[in-house]
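Work through the exercises below with the structure open. Each task is followed by a solution in steps.

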Amino acid sequence: MLARSPAPRGRTPQVPMPGPPHALRTLPWLDGDGYYQDSAHARPQLPRLQGALRSEACVVGAGITGLSAALELARCGVGVTLLEARRIGAGASGRNGGQALADFACGIEALERRLGADAAARAWELSCRGIERLRQRIARHAICCDWDDGVLTLARSAQQARRLYRALQHRRTRYHAGELQWVEGGELRAMVDSTRYCGAMLDPGAGHLHPLNYALGLARAAQAAGVRMHEHSMALRVQREPNAWMVHCTHGVVRCRLLLLATGAVPGAPVPRLQRRVLPVASCMLATEPLPRPVLHGVRAAHDSGPACDYYRLSADGRLLFGTGAFFAGALLHDSARRRAMLRRAMLRCFPQLDDVGITHEWGGWIDASANRAPDFGHLGPGAVYLQGFSGHGLALSGLAGELGARALRAGRGHCADFELFARLRHASLPSQGVLRIPIGVLGALWGRLLHTF
Ligand SMILES: Cc1cc2nc3c(=O)[nH]c(=O)nc-3n(C[C@H](O)[C@H](O)[C@H](O)COP(=O)(O)OP(=O)(O)OC[C@H]3O[C@@H](n4cnc5c(N)ncnc54)[C@H](O)[C@@H]3O)c2cc1C
């Protein structure tokens, strides 16, 4: 079904009209008792959108992508309204593993094959710039989010170690990533109190942070820059008028010239054809009580490079925040106690010495996985772009993506080379839940598994 204004005139690009926001009804929120919420700074009070308003630009989704885009537009003097279905950082941005990494979920090698060597080299530079921008924003807006340098990528088997070492050498030689270091043996054991790993890549330029406090800091900066923000204001449909976009929410509507969609994996994106290009994959985390003795030394954040990747870091108050992309589907999605038990087992496989340590929090979130795990950016029509498909690797990239999306909007189609570089990537539409009638959580979990086996 296509959305039309009541009396469409001339050549009006048409954007599909959504049905009811089914993802909102069918996807469990996996909120649990989030550690990040418990340790969050004060939130700005943001009203629901009521009535009709005009705004030069409208950004939908207040995750890092949407907030960064709104901030960039406001910085360039564009009047912006930002709509968020729930609260600032309620999606993946406020509940993730907190590890800000260069590169892409699909790996730079996949982009070399798809885009060619030169474009991939530019993509690599941009992914590194994602981290640079994140650091700059923290400094410029004085965001207190416990940034800490350095992340380890761990290999659990000799085969993984060989693959990881090859990847490191490739990045050093082709992308001059001389800062990447190989760690193994006693040196690795001195950094990670676990016998599980046989090699690791250390990236001292990457880092980790409290993601919700970072998102809230961006929101404060956006508010100070004049962005008008509305929480509990879900965009239900997007409609093209001859010279404007109309974004309809339950209690109001925004008329704008420029539109940017940054709706992540959930809920019910206002343009279903975009929603079909990402599949929500659940990933869950726990927080322990402050550890009697840290399990990481020197570097306080790590993840492994295997299927159903485990990722963990030490929080500023000395807890282990441990997450896994293991198979979360079916009853697990609805049962916090079972998720907590599963996460605890996964943590003890890495750190059996934590058997006596209490678990204080458990929560989860949805990852917007694209079919090829490459980012999915593109144009919706004149003056409208979307950014999605970060596939679990978006903490640093989403900030840069927001900036590129904002630039592409201002420059017009085809005039922001860095945005177009990603927009060139082809993406398959994934089977929709309605068609297959498979619970979307199961499908997402299967998909997550499948992606990791390639
Ligand atoms: C458990 C977990 C761990 C992760 N760990 C890491 C990690 O360690 N490192 C890393 O790089 N990445 C990680 N990620 C991925 C990373 O969090 C995401 O790639 C990134 O946050 C995406 O940001 P976003 O702004 O695009 O989407 P989101 O943060 O999901 O934001 C989208 C926002 O849009 C809102 N929205 C959706 N639809 C509408 C609508 N119709 N109207 C209004 N608002 C709407 C949502 O409520 C949400 O707030 C993890 C993700 C999860 C879930």
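**The chain as a whole**

In this predicted model, 53% of the 454 residues of the protein chain count as buried. The protein chain holds 14 helices and 17 strands. Among its contacts between residues at least 6 apart in sequence, 76% join residues at least 24 apart.

**Exercise 1. Classify the packing of helices H3 and H8, and describe their contact.**

Step 1. Take the geometry: H3 (residues 64-75) and H8 (residues 211-224) pack at an angle of about 25°, and their axes are 9 Å apart.

Step 2. Apply the cut-off: angles under 35 degrees count as roughly parallel, so H3 and H8 are roughly parallel to each other. Their crossing is left-handed.

Step 3. List the residues. H3 contributes Ile64, Leu67, Ser68, Ala70, Leu71 and Ala74, while H8 contributes Ala215, Leu218, Ala219, Ala221 and Ala222.

Step 4. Sort them by class: the contact of H3 with H8 has 10 nonpolar residues, 1 polar and no charged ones.

**Exercise 2. Do the same for helices H5 and H11.**

Step 1. The axes of H5 (residues 117-140) and H11 (residues 397-411) come within 7 Å and cross at roughly 95°.

Step 2. Angles of 65 to 115 degrees count as roughly perpendicular, and H5 is therefore roughly perpendicular to H11.

Step 3. On the H5 side are Leu126, Ser127, Arg129, Gly130, Arg133, Leu134 and Arg137; they meet Leu397, Gly399, Leu400 and Glu403 in H11.

Step 4. By class, the residues of this contact of H5 with H11 divide into 4 nonpolar, 3 polar and 4 charged.

**Exercise 3. Find which residues touch the most other members of the largest nonpolar core, then trace the contacts of Val247.**

Step 1. The largest nonpolar core has 135 residues, of which Cys58, Val59, Ala70, Ala222, Val247, Leu259 and Leu260 touch the most other members.

Step 2. Set aside the neighbours of Val247 within four places in sequence. Val247 is then in contact with Cys58, Val60, Leu83, Ala235, Val238, Val253, Val254, Cys256 and Leu259.

Step 3. Compare with Exercise 1: Ala70 of H3 and Ala222 of H8 take part in the helix contact, and both are on the list from step 1.

**Exercise 4. Is Tyr386 buried or exposed, and which residues does Tyr386 touch?**

Step 1. Locate the residue: Tyr386 lies in strand E17 (residues 384-388).

Step 2. Tyr386 has 24 C-beta neighbours inside 10 Å, so Tyr386 counts as buried.

Step 3. Not counting residues up to four places away in sequence, Tyr386 touches Leu261, Leu274, Phe377, Gly378 and Leu380.

Step 4. Check a sequence-distant pair: Tyr386 and Thr263 are 123 residues apart in sequence, with their C-alpha atoms 8.5 Å apart in space.

Note on methods: Residues are numbered from 1 along each chain as its sequence is written. This is a predicted model: local features need pLDDT of at least 70, side-chain atom pairs count only at pLDDT 80 or more; totals for chains, interfaces and linings use all residues. Axes are lines fitted to C-alpha atoms, for helices over the stretch in contact, and angles run from 0 to 180 degrees between N-to-C directions. Helices (H or I, at least four residues) and strands (E, at least two) are DSSP runs, numbered from the N terminus. Angles under 35 degrees count as roughly parallel, over 145 as roughly antiparallel, 65 to 115 as roughly perpendicular and the rest as oblique. Two residues are in contact if their C-beta atoms, placed from the backbone, lie within 7 Å. Ala, Val, Leu, Ile, Met, Phe, Trp, Tyr, Cys and Pro count as nonpolar, Asp, Glu, Lys and Arg as charged, and the others, Gly among them, as polar. A nonpolar core is a set of buried Ala, Val, Leu, Ile, Met, Phe, Trp, Tyr and Cys residues joined through C-beta atoms within 7 Å. A residue is buried if 20 or more other C-beta atoms lie within 10 Å of its own, exposed if 12 or fewer, and partly exposed in between; C-beta atoms are placed from the backbone. A crossing is left-handed if the near helix is turned anticlockwise from the far one by less than a right angle, and right-handed if clockwise.
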